[in-house]
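Biologist: Could you take a close look at the aromatic ring pairs in this model, and then follow the part of the chain they lead to? A connected account would suit me better than a list.

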Amino acid sequence: MERFKLKSNYKPAGDQPKAIDDIVLNIQKGNQYTTLHGVTGSGKTYTMAKVIEKLQLPTLIMTHNKTLAAQLYSEFRGFFPKNHVEYFISYYDYYQPEAYIPRQDLFIEKDSSINEELERLRLSTTASLLSFDDIICVASVSANYGLGNPDEYRKNVQLLELNQSYSQRELLLKLVDMGYKRDDNFFDRSNFKVTGDVIDIFPAYFDEEYIRVEFFGDEVDKLTKREYLTNKSLKELDKVTIYSVNPFVVSKDRLAKAIDMIETELDIRLKEFQAQDKLVEYQRLKSRVEFDLEMLQATGMCKGIENYARLLTDKKPGETPYSLLDYFQSLDKPFLLIVDESHVSLSQFRGMYKADRSRKEVLVDYGFRLPSAMDNRPLMFEEFIKKADHYLFVSATPAPLELDLSSAVASQVIRPTGLLDPTVEIINSTYQVEKLFDEIKKTIEKGDRVLVTVLTKKLAEQLTSYYQELGIKVKYMHSDIDAIQRNHIIRELRVGKFDVLIGINLLREGLDIPETSLVAVMDADKEGFLRSRTSLIQTMGRTSRHKDGRVILFATKITDSMQYAIDITNERRAIQIKYNKKHGITPTSTKRVLDKSLKLETYDDIYNKKAKIEKLPANERKKMILELNKAMSKASRELNFEEAIRLRDEIEKIKKI
């Protein structure tokens, strides 16, 4: 029986049938590495989905940034509505890792803001991987960072079955050990509440449902899944498995052993500092670790518990840490790892380990962390590239690395839509700002969008301000803007809240904005990373989903990278034109329907009706919280995390009244 069933109105066309067959055949032969070289707009995502359906393998899809991950997650949920499509990215809205700068004697404390919905999605991923085998998970580089031991996570569960006997007291203690908290007033995720012989459990990885356990004596008389907002029974269950709230939650025996190991390592390290007459480092480490030990003994958790990951998971020094890939390996069957935009993603994976290592070495040397903290790290590239049974590298511009690894390269250069690569025009960069303004006005008059790429953040901001003064609806996007806000900006561009988006290198890989008919590259002749062959081809590809797509390169000379990108573009146009004539195809712009996540809904009317919340009766405030919870859950499901955060903060304010 097929576990993965693709739902789509499309059928493979153009180069897709051959590319799909080539990839599937190479993997079925047992080869580990395959590359899909597909031009922008040729339907690479659909090809990936067809490969999954044909191979029937659990699949991890990784890419280098959260914006692309969110886009892929949305698309694969549509392709596989009956399967478990999961989303695994960093759960931080903001993250500042701890660090120490010796020359300034400056310690930077870890500072972060956790997005509860992203945390839930991560927990949903790990729980699903231990419960199902029809998993498709879209992940960012976060999948390469340390997690708890999947075997320990699997052991630390609570199975509840109908008509079986359980000590209610022991069940409640077990839930506490698993990280759940009792809250009979504001029942929420990771909570349980008790009402007589009824225990309600809200699993940390559930969205809008919770589990109700009804006892008759010590016997489970009824198990139901219920809707959170209305308490309506949704489904009666024969059994249910409750997983812990955190992959780092371990059993009491494992925790006791880890505490002993931490104490032993601390003793050894303190003696080293004493022998070296490093009294400041000695006192610093002693006070910090002893406080962590007290917290672990009392609660099973402590701030920065991930720094003790090797000891909690019983790994040896230098041994490969557990990561999401180990959860896939725990399925005990082959799995496929797809690396999207591999020319960027693989390079990023390669650099993660060294950057993390250099920061932690300083922390260890100056007594802020035990040496074992260095084993709380991302995977080395050599570890990552051997973890999966099969790899599929996907890119419009594959790098030598993946091409050298791959035993087969599938080519996909024809677009089923008949769309051509954009026309390319070179305009002298003298007065480029004024010339671009004229081109922007022409494009906006047709109802299309414009992407502009510049070289610096400052220039992006200044150019945005200048065009705004001239009456253009324009925004900028660069690395200082967090992932959630980036998604929001792209949604606003697509629905027409503004017409022009200015950025740096964020406008390259994978952005699917079919309303864009013009891409302008400022200072295209400034040879470097942002104007390399790969960068130019990827940037130019952002307008290849529009039938009137065009690219303007502002330059005073034609560099080798520009010439290469132009030649490739013209070559692909010629191939597509020939294909279109042969099959009688008239190019039409891609029409990707705006999904629900692009509806910029607000809930200000909820607040306007309740101008003075503090004067409302308690039952009215409860109704208001229910309304806002429902709105927050809806926004989260649609990946509109910015709106979800705003609603969450409003809920917290009301709860405190």
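Modeller: In this predicted model, the count of aromatic pairs comes to 25. One of them joins tyrosine 153 and tyrosine 327, whose ring centres lie 6.1 Å apart with their planes at 65°, and because an angle over 60 degrees counts as edge-to-face, the pair is given that name. The two tyrosines belong to distant parts of the chain, tyrosine 153 being in helix α5 (residues 150-155) and tyrosine 327 in helix α10, 174 residues apart. Tyrosine 153 has 0% relative accessibility and therefore counts as buried, and tyrosine 327, at 0% as well, is likewise buried.

A second pair is formed by phenylalanine 187 and phenylalanine 202, with centres 5.7 Å apart and planes at 50°, so this pair is classed as tilted. Phenylalanine 187 sits in the loop between β10 and β11, while phenylalanine 202 is in strand β12 (residues 198-202), so the pair ties together parts that are 15 residues apart in sequence. Both phenylalanine 187 and phenylalanine 202 are buried. Elsewhere, ring pairs link Phe4, Tyr10, Tyr46, Phe76, Phe79 and Phe80 into a cluster.

The loop that holds phenylalanine 187 leads on to arginine 189, which also lies between β10 (181-182) and β11 (191-195). Arginine 189 counts as buried because its relative accessibility is 19%, and the cut-off for that class is under 20%. A polar atom of the arginine 189 side chain lies 2.8 Å from the backbone oxygen of phenylalanine 206. Leaving aside residues up to four places away in sequence, arginine 189 touches Glu117, Arg120, Phe202, Pro203, Ala204, Phe206 and Asp207; Phe202, the ring partner of phenylalanine 187, is thus among the contacts of arginine 189.

Arginine 189 also helps to line the largest cavity, together with Asn115, Glu116, Glu117, Met632, Ser633, Ser636, Ala644, Ile645 and Arg648. That cavity has a volume of about 110 Å³, and a search of the whole structure finds seven cavities of 30 Å³ or more. At least two lining residues come from each of α4 (116-129), α20 (618-637) and α21 (641-655). By character, the lining of the largest cavity divides into three nonpolar, three polar and four charged residues. Glu117 appears both in this lining and among the residues that arginine 189 touches.

Terms used:
Residues numbered from 1 in each chain as written. Predicted model: local features only at pLDDT ≥ 70, side-chain atom pairs only at ≥ 80, totals over all residues. Heavy atoms only, no water. 1 Å grid on protein atoms, 1.4 Å probe; cavity = no way out; pocket = protein on both sides within 12 Å on 5 of 7 lines; lining within 4 Å. Points joined across faces, edges and corners; volume = space filled by probe spheres on them. Helix = DSSP H or I, 4+ residues; strand = E, 2+ residues; numbered from the N terminus. Nonpolar A, V, L, I, M, F, W, Y, C, P; charged D, E, K, R; others polar. Buried < 20%, exposed > 50% of the residue type's maximum accessible area, 1.4 Å probe, protein only. Polar contact = N/O pair within 3.5 Å; in protein donor to acceptor, adjacent residues only side chain to side chain. Contact = heavy atoms within 4.5 Å. Phe/Tyr/Trp six-rings, centres within 6.5 Å; stacked < 30°, edge-to-face > 60°.
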